[in-house]
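User: I should like to go through this model term by term. Please set each value against its definition before drawing a conclusion.

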Amino acid sequence: MKPLRRLFDRSREAWCRRMLDTRLFIHVEMEPASACNLRCETCPNSIHERPRVEMPFDLWERVLRELSSLGYTGTFSPHFYNEPLMDERLEERLALVRRWIPRSAVLLFTNFTLMTPERYQSLERFVDSMVVTLDAPESRLALDRTMPLLPSRAREKIQQRWLDELGVFNRGGAVTLRGRHVEPVTRCRLPADYLVISASGNVHLCYNDFHGRAVMGNVGDETIREIWFSERFRKARLECFLGRCSSDICRACLSDRAA
């Protein structure tokens, strides 16, 4: 049986390699600015400081234009470890998203504490879904306070989620889970599914790379295509897909989730 097993493993790896060498991402997370106003327990912002950075508007549009040229139709979120509502130009940025990748579904992940009826009205036409993560008491209070002031149709766009129900990542070892619900994982497809761009333009291996320890390139210096299909990124995607992750953040993440 061992020769058959080895043959199967080689065939599977060859198929994965061919698929991952040609397949584009299906989710894009691009951070307009790095600031956040909360320090949630499950987020590295609670114990680590990030530099305050804002993505230049021309770079934001340049990335969207390239996504358009790639025929991108997956989801788009103005998010990494930031609170999007802190960006005063968020509506302008999302208007460009609608212009250049109109077939994408725009997901706004927010803690909701800065939401007002007026801000909701200005954002509503650009957003398909507002996802409120209720991982901090402030978010629950903000939702209860603001929802009655919004039009009834708002309930159709606002989704509520609790990270404990979804399973929590330790963000590549950046936070301690402290006994929270964790689903065991031995293989990871996040680097194959997500294009994650921080406010500084860095492309991260995945959205758990808070500290930028596995940066694949910068969209200010290279095109998305050059970064995504670089030898380093292709190798990293394959390793994670097959459960052979070699980066420090992957080992920390998978070992803690599987514990």
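User: What is the volume of the second largest cavity, and what makes it a cavity?

Analyst: The second largest cavity has a volume of about 30 Å³. The term cavity stands for a set of points, on a 1 Å grid over the protein atoms alone, where a 1.4 Å probe fits but cannot get out. Grid points are joined across faces, edges and corners, and the volume is the space filled by probe spheres set on the points. Searching the whole structure gives 2 cavities of 30 Å³ or more. The model is a predicted one, in which local features need pLDDT of at least 70 and side-chain atom pairs count only at pLDDT 80 or more, while totals for chains, interfaces and linings use all residues. Residues are numbered from 1 along each chain as its sequence is written, and side-chain values use heavy atoms, with hydrogens and water left out.

User: Which residues line the second largest cavity, and how does the lining divide by residue class?

Analyst: Lining residues are those with an atom within 4 Å of a point. For this cavity they are P32, A33, A35, N82, E83, P84, M86 and D87. Ala, Val, Leu, Ile, Met, Phe, Trp, Tyr, Cys and Pro count as nonpolar, Asp, Glu, Lys and Arg as charged, and the others, Gly among them, as polar. On that basis the lining comprises 5 nonpolar, 1 polar and 2 charged residues.

User: Why is A35 called buried?

Analyst: Buried means under 20% relative accessible area, exposed over 50%, and partly exposed in between (1.4 Å probe, protein chains only). A35 has 13% relative accessibility and therefore counts as buried. A35 is placed in the loop between β1 and α2, where helices (H or I, at least four residues) and strands (E, at least two) are DSSP runs numbered from the N terminus. Leaving out residues up to four places away in sequence, A35 touches R52, N82, E83 and M86, a contact being heavy atoms within 4.5 Å.

User: Which other loop residues are called buried, and why?

Analyst: C245 has 12% relative accessibility, so C245 counts as buried; its place is the loop between α10 (231-242) and α11 (248-258). F112 is buried because its relative accessible area is 0%, and F112 lies in the loop between β3 and α4. F112 also has a positive phi of about 75° although it is not a glycine. Most residues other than glycine have a negative phi.

User: What makes a set of residues a nonpolar core, and which members of the largest one touch the most others?

Analyst: A nonpolar core is a set of buried Ala, Val, Leu, Ile, Met, Phe, Trp, Tyr and Cys residues joined through side-chain atoms within 4.5 Å. The largest holds 65 residues, of which F25, M30, L64, L67, I158 and L195 touch the most other members. Helix α2 (residues 57-69) gives the most to this core, with 5 residues. Another core lies apart from it, with 7 residues including C16, A192, L238 and F241. In soluble globular proteins, nonpolar side chains tend to be buried together.

User: How do you know that E31 and R50 form a salt bridge, and what does the pair tie together?

Analyst: A salt bridge requires a side-chain nitrogen of Lys or Arg within 4 Å of a carboxyl oxygen of Asp or Glu. The side chains of E31 and R50 meet at 2.8 Å, N to O, so the pair satisfies that definition. Both residues lie in the loop between β1 (27-30) and α2, so the pair ties together parts 19 residues apart in sequence. E31 and R50 are both buried.

User: What makes R99 and E61 a salt bridge, and is R99 buried or exposed?

Analyst: The closest N and O atoms of R99 and E61 are 3.7 Å apart, so this pair also qualifies as a salt bridge. R99 lies in helix α3 (residues 90-100) and E61 in helix α2, so the bridge ties together parts that are 38 residues apart in sequence. With 56% relative accessibility, R99 counts as exposed.

User: What is the status of D128, and which residue does its side chain meet in a salt bridge?

Analyst: D128 has 38% relative accessibility and therefore counts as partly exposed. Its side chain meets that of R98 in a salt bridge (2.8 Å, N to O). The whole structure contains 12 salt bridges.

Conventions
1 Å grid on protein atoms, 1.4 Å probe; cavity = no way out; pocket = protein on both sides within 12 Å on 5 of 7 lines; lining within 4 Å.
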